[in-house]
Amino acid sequence: MRIPERMQRQPLEPLLAHLEREQRRRRRRTVERYASAGSHAELIIAGRRLVDFSSNDYLGLAGHPEPAAAMAECAARTGAGSGASHLISGHGAEHDALEEALAAYTGRERALLFSTGYMANLGVMSALGGPGETVLLDRLNHASLIDGALLCGARVRRFAHADAAAAERLLGTVAQPPAVLATDGVFSMDGDVAPLAALARAARAHQAWFLVDDAHGLGVLGPTGRGALEAAGLSADEVPVLVGTLGKAFGSFGAFVAGSAELIDLLVQKARSYVYTTALPQPVAAATRAALDLSQREPWRRERVLQLTARFRAAAQAAGVPLSPSATPIQPIPLGSARAALEAQRALAESGFWVVAIRAPTVPAGQERLRVTFTAAHTEAQVDALSEALGRVCRAVGPSAPQADP
Ligand SMILES: Cc1ncc(COP(=O)(O)O)c(C=O)c1O
């Protein structure tokens with residue numbers, strides 16, 4: 001049957017071919033299995049064994065047997081699925097237990113579980129933002145904060161990266177307070193930490209809601225691992241909205257918002273990505289609770305990942321690898337073009353390392369990079385071998401970015 005011309009859809013191949021030409025076409029790789037039971041540090045991809053330096057599994061808990069056992073035990077009791085949204089009949093005792101544990105862990109009155117960090121940010125923005133409101137975002141905030149702000153219909157203003165004075169100036173122009181001031185705690189592609197104390201002061205001075213998404217800081221930073229806010233010495237009062245994710249340091253899946261009882265009640269009423277979606281399976285919540293417990297029982301995990309990070313920086317600098325000013329387990333290696341970043345990814349895979357090229361639009365064009373991350377499950381020998389390989393690869397692909405101070 002011939003389709004009338006006006007009903008024919010736009011052919012997709014030219015769009016994909018364009019992405020290919022621009023070296024922006026994304027491809028998935030299947031992890032066939034993990035090389036050893038109980039650890040995700042080494043992957044088998046396309047039959048090859050690779051040390052994974054690209055995950056967010058900072059504490060090495062994603063493959064740990066304890067959360068997996070908690071998940072299996074819970075699944076035997078509750079089944080795999082929750083069957084409905086939280087407000088219908090999908091909310092269970094394991095969700096309550098995890099929310100209580102997260103509230104206690106973060107020192108907030110309450111916490112509310114979301115299925116993902118992406119949805120948590122959409123949800124908070126839909127509850128606190130909206131037409132007539134203003135949302136201020138750091139230029140390098142995660143896509144979920146940007147999408148949440150745009151989708152909620154608020155007026156969106158973006159300030160220069162990590163520039164608290166610029167944020168304060170913008171706050172001064174908001175005609176109808178309270179604005180929402182939102183920042184990543186640790187920036188996901190750069191690894192640097194936001195100027196949280198200065199932003200908190202600016203938010204307070206202008207009676208704005210201050211939201212910190214500490215997806216990459218929780219579990220890792222601060223004297224007891226409670227994240228970038230603990231490291232900055234900020235109280236629940238100074239940061240009334242804390243977003244955390246559970247698929248990174250805690251090695252599980254899901255996310256939460258922590259704050260006052262009133263804030264959480266408002267989210268239950270208004271956060272569309274909470275109300276209109278199936279509840280996270282209870283076995284996932286049980287696994288997360290086990291991981292949270294492990295992260296507190298075994299502080300050596302965060303000490304180790306930070307030590308490995310420091311070891312890498314010293315060795316990489318000695319090997320002539322361009323570094324960025326990050327002290328967290330996220331270490332970007334600026335390469336300046338998609339071509340160079342992809343070539344470096346390929347060359348590292350040849351040498352037995354899985355490190356992924358980050359290209360536009362995830363980072364601005366011209367700031368393409370490798371994003372190297374560390375986990376407590378890596379060995380010193382693996383970190384040293386990566387530094388040495390990176391030195392070789394960076395010389396070969398010609399990094400165009402200047403070398404940063406350590
Ligand atoms: C800062 C930040 N917020 C939110 C998210 C989204 O979390 P999730 O993967 O749970 O959707 C990510 C990364 O994925 C992130 O880096």
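This report describes the fold of a single chain, from its overall dimensions down to a few helices and strands. The model is predicted.

**Overall form**

The chain contains 15 helices and 14 strands. Its radius of gyration is 22 Å, close to the 22 Å that the globule rule gives for 406 residues, so the chain is as compact as a globular protein of that length. The C-alpha trace spans about 65 × 55 × 50 Å along its principal axes. Buried residues make up 51% of the 406 in the chain. Among contacts with a separation of 6 or more, 71% come from residues 24 or more positions apart.

**Two domains**

The domain assignment splits the chain into domain 1 (31-60 + 300-397) and domain 2 (65-297). Their C-alpha centres lie 27 Å apart. Where they meet, 20 residues of domain 1 are in contact with 17 residues of domain 2. On the domain 1 side, helix H13 (300-318) and strand E11 (330-334) are the elements that give two or more residues. That side has nine nonpolar, seven polar and four charged residues.

**The seven-stranded sheet**

An open sheet of seven strands follows the order E4-E10-E9-E8-E7-E5-E6, and its pairing is mixed. Strand E4 (110-114) and strand E6 (155-159) are the edges, each pairing on one side only. Ignoring direction, neighbouring strands are turned by 20° against each other on average. Within the sheet, strand E5 (residues 134-138) and strand E7 (residues 180-184) run parallel and are joined by three bridges. Leu137 stands opposite Ala182 in E7.

Two of the helices that lie against these strands can be set out as follows.

| Helix | Strands involved | Angle |
|---|---|---|
| H4 (residues 93-106) | E4, E9 (241-245), E10 (255-259) | about 125° to E4 |
| H6 (residues 143-151) | E5, E6, E7, E8 (209-213) | about 160° with E5 |

In helix H6, Ser144, Leu145, Ile146, Gly148 and Ala149 are buried. The cover over the buried residues of H6 includes helix H5 (117-128) along with E5, E6, E7 and E8. Just after H6, Gly153 takes a positive phi of about 85°.

**Strand E14 and its partners**

All five residues of strand E14 (residues 369-373) are buried, so the strand is largely enclosed by the rest of the structure. In a regular strand the side chains alternate between the two faces of the sheet. In E14, Arg369, Arg371 and Thr373 point one way, while Leu370 and Val372 point the other way. Both groups are buried, the two arginines included.

E14 pairs with E11 in the antiparallel sense over five bridges, and Thr373 of E14 is the bridge partner of Ile330. Strand E13 (residues 356-358) also runs antiparallel to E14, joined by three bridges. There, Val356 stands opposite Arg371. E11, a partner of E14, is also one of the elements on the side of domain 1 that touches domain 2.

**A buried cysteine**

Cys394 is found in helix H15 (residues 380-397). Cys394 has 22 other C-beta atoms within 10 Å and is buried, since the cut-off for a buried residue is 20 or more. The C-alpha atom of Cys394 is separated by 6.4 Å from that of Val321, although the two residues are 73 residues apart along the chain.

Definitions and conventions
Residues are numbered from 1 along each chain as its sequence is written. This is a predicted model: local features need pLDDT of at least 70, side-chain atom pairs count only at pLDDT 80 or more; totals for chains, interfaces and linings use all residues. Domain bounds come from an automatic or database domain assignment. Two residues are in contact if their C-beta atoms, placed from the backbone, lie within 7 Å. Helices (H or I, at least four residues) and strands (E, at least two) are DSSP runs, numbered from the N terminus. Ala, Val, Leu, Ile, Met, Phe, Trp, Tyr, Cys and Pro count as nonpolar, Asp, Glu, Lys and Arg as charged, and the others, Gly among them, as polar. The radius of gyration is taken over C-alpha atoms; the globule rule is 2.2 Å times the number of residues to the power 0.38. A residue is buried if 20 or more other C-beta atoms lie within 10 Å of its own, exposed if 12 or fewer, and partly exposed in between; C-beta atoms are placed from the backbone. Two strands pair if DSSP finds at least two bridges between them. Axes are lines fitted to C-alpha atoms, for helices over the stretch in contact, and angles run from 0 to 180 degrees between N-to-C directions.
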